[in-house]
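Me: I should like to understand the terms used to describe a protein structure. Please take the structure below and explain how each term is justified.

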Amino acid sequence: MNHDTYPDSLIREVMTSVKRIALVGASANEARPSWIVTKYLIERGYDVVPVNPGLAGQTILGKTVYGMLKDIPGAIDMVEIFRNSDAAGPITDEALALVPLPKVIWMQLSVRNDEAAARAEAKGVTVIMNRCPKIEYGRLSGEIGWQGINSRILSSKKPVLGKGFQKRTIFGPGT
């Protein structure tokens, strides 16, 4: 796969098919991007499982932190890597040892490891690199346009407003 660009259809399919995300490199510091992304994804209905060996046993945003991927009970749909490119290789290998395999390995902005991606894709796992699921979700839903950013997505659909804070979704109405 060409990892320089991804079609919107692939990103949308990934974001609508995964439900449980292991976020490796989670932080308890509210100023850190990993904390912000964790909060955003939880608010959009994803079951985010924080992974950080230094915080294992503690909680972040009400979620128990695990030290390693293998410590997480149950299946994981997506492993999001919030570590550097060198660390992405061993984390990918740890993810590939899980049973069942995750559907997706997602490497955060500026994180790219082509060798790790090749190993994952050889086992049928989808790999996204150098992208942020928070940004992609916001872009595909049109929500990012509220900050004045061009999402490159045009829609004549009126957003469905609910109670509380307004947010848009990439899922269909009522889901």
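Me: What is the phi of Gly142, and where does this residue stand?

Reply: This is a predicted model. In it, Gly142 comes just after H5 and has a positive phi of about 90 degrees.

Me: What makes a positive phi worth noting in Leu61?

Reply: Most residues other than glycine have a negative phi. Leu61 is not a glycine, yet its phi is positive, at about 55 degrees. Its place is the loop between strand S3 (59–60) and strand S4 (63–64).

Me: Which other residue that is not a glycine has a positive phi of about 70 degrees?

Reply: Ser110 has this value. Ser110 lies in the loop between S6 and helix H4 (114–122).

Me: Why is Ser110 called exposed, and why is Leu61 called partly exposed?

Reply: A residue counts as exposed over 50% relative accessible area, as buried under 20%, and as partly exposed in between. Ser110 has 63%, which is over 50%, and is therefore exposed. Leu61 has 34%, which falls in between, so Leu61 is partly exposed.

Me: How do you know that Asn130 is partly exposed?

Reply: The relative accessibility of Asn130 is 33%, which lies between 20% and 50%, and Asn130 is therefore partly exposed. Asn130 belongs to the loop between S7 and H5.

Me: Which residues is Asn130 in contact with, leaving aside its neighbours within four places in sequence?

Reply: They are Met107, Gln108, Leu109, Ser110 and Val111. In addition, Arg112 is 18 residues from Asn130 in sequence, while their C-alpha atoms are 5.9 Å apart in space.

Me: What is the peptide bond from Val99 to Pro100 called, cis or trans?

Reply: This bond is cis, with omega near 0 degrees. In general, most peptide bonds are trans. Pro100 is placed in the loop between helix H3 (85–96) and strand S6 (104–107).

Me: Why is H2 called oblique to H5?

Reply: Helix H2 (residues 33–43) and helix H5 (residues 133–141) pack at an angle of about 45 degrees, and their axes are 9 Å apart. Angles under 35 degrees count as roughly parallel, 65 to 115 as roughly perpendicular and over 145 as roughly antiparallel; the rest are oblique. The value of about 45 degrees belongs to the rest, so H2 is oblique to H5.

Me: Which residues of H2 and H5 meet, and how do they divide by kind?

Reply: Ile36, Val37, Tyr40 and Leu41 in H2 meet Pro133, Lys134, Tyr137 and Gly138 in H5. Six residues of this contact are nonpolar, one is polar and one is charged.

Me: What makes H5 largely enclosed by the rest of the structure?

Reply: Seven of the nine residues of H5 are buried, and H5 is therefore described as largely enclosed. These buried residues are Pro133, Glu136, Tyr137, Gly138, Arg139, Leu140 and Ser141. They pack against helix H1 (8–17), H2, S5 and S6.

Me: How do you know that S1 is largely enclosed as well?

Reply: Five of the five residues of S1 are buried, so the rest of the structure largely encloses this strand. Arg20, Ala22 and Val24 point one way from S1, and Ile21 and Leu23 point the other way. This agrees with a general rule: in a regular strand the side chains alternate between the two faces of the sheet.

Me: How do you know that S1 pairs with S2?

Reply: Two strands pair if there are at least two bridges between them. Strand S1 (residues 20–24) has five bridges to S2, so the two strands pair, and they run parallel. Within this pair, Ala22 stands opposite Val49 in S2.

Me: Why are S2 and S7 called edge strands?

Reply: Five strands form an open sheet with parallel pairing, in the order S2-S1-S5-S6-S7. Strand S2 (47–51) and strand S7 (126–128) each pair on one side only, and they are the edge strands. On average, neighbouring strands of this sheet are turned by 20 degrees against each other, direction ignored.

Me: Which strands does H2 lie across?

Reply: H2 lies across S1, S2 and strand S5 (78–81), and runs at about 175 degrees to S1. This angle is over 145 degrees, so H2 counts as roughly antiparallel to S1.

Note on methods
Residues numbered from 1 in each chain as written. Predicted model: local features only at pLDDT ≥ 70, side-chain atom pairs only at ≥ 80, totals over all residues. Heavy atoms only, no water. Helix = DSSP H or I, 4+ residues; strand = E, 2+ residues; numbered from the N terminus. Axes fitted to C-alpha atoms, helices over the stretch in contact; angles between N-to-C directions. Contact = heavy atoms within 4.5 Å. Nonpolar A, V, L, I, M, F, W, Y, C, P; charged D, E, K, R; others polar. Buried < 20%, exposed > 50% of the residue type's maximum accessible area, 1.4 Å probe, protein only.
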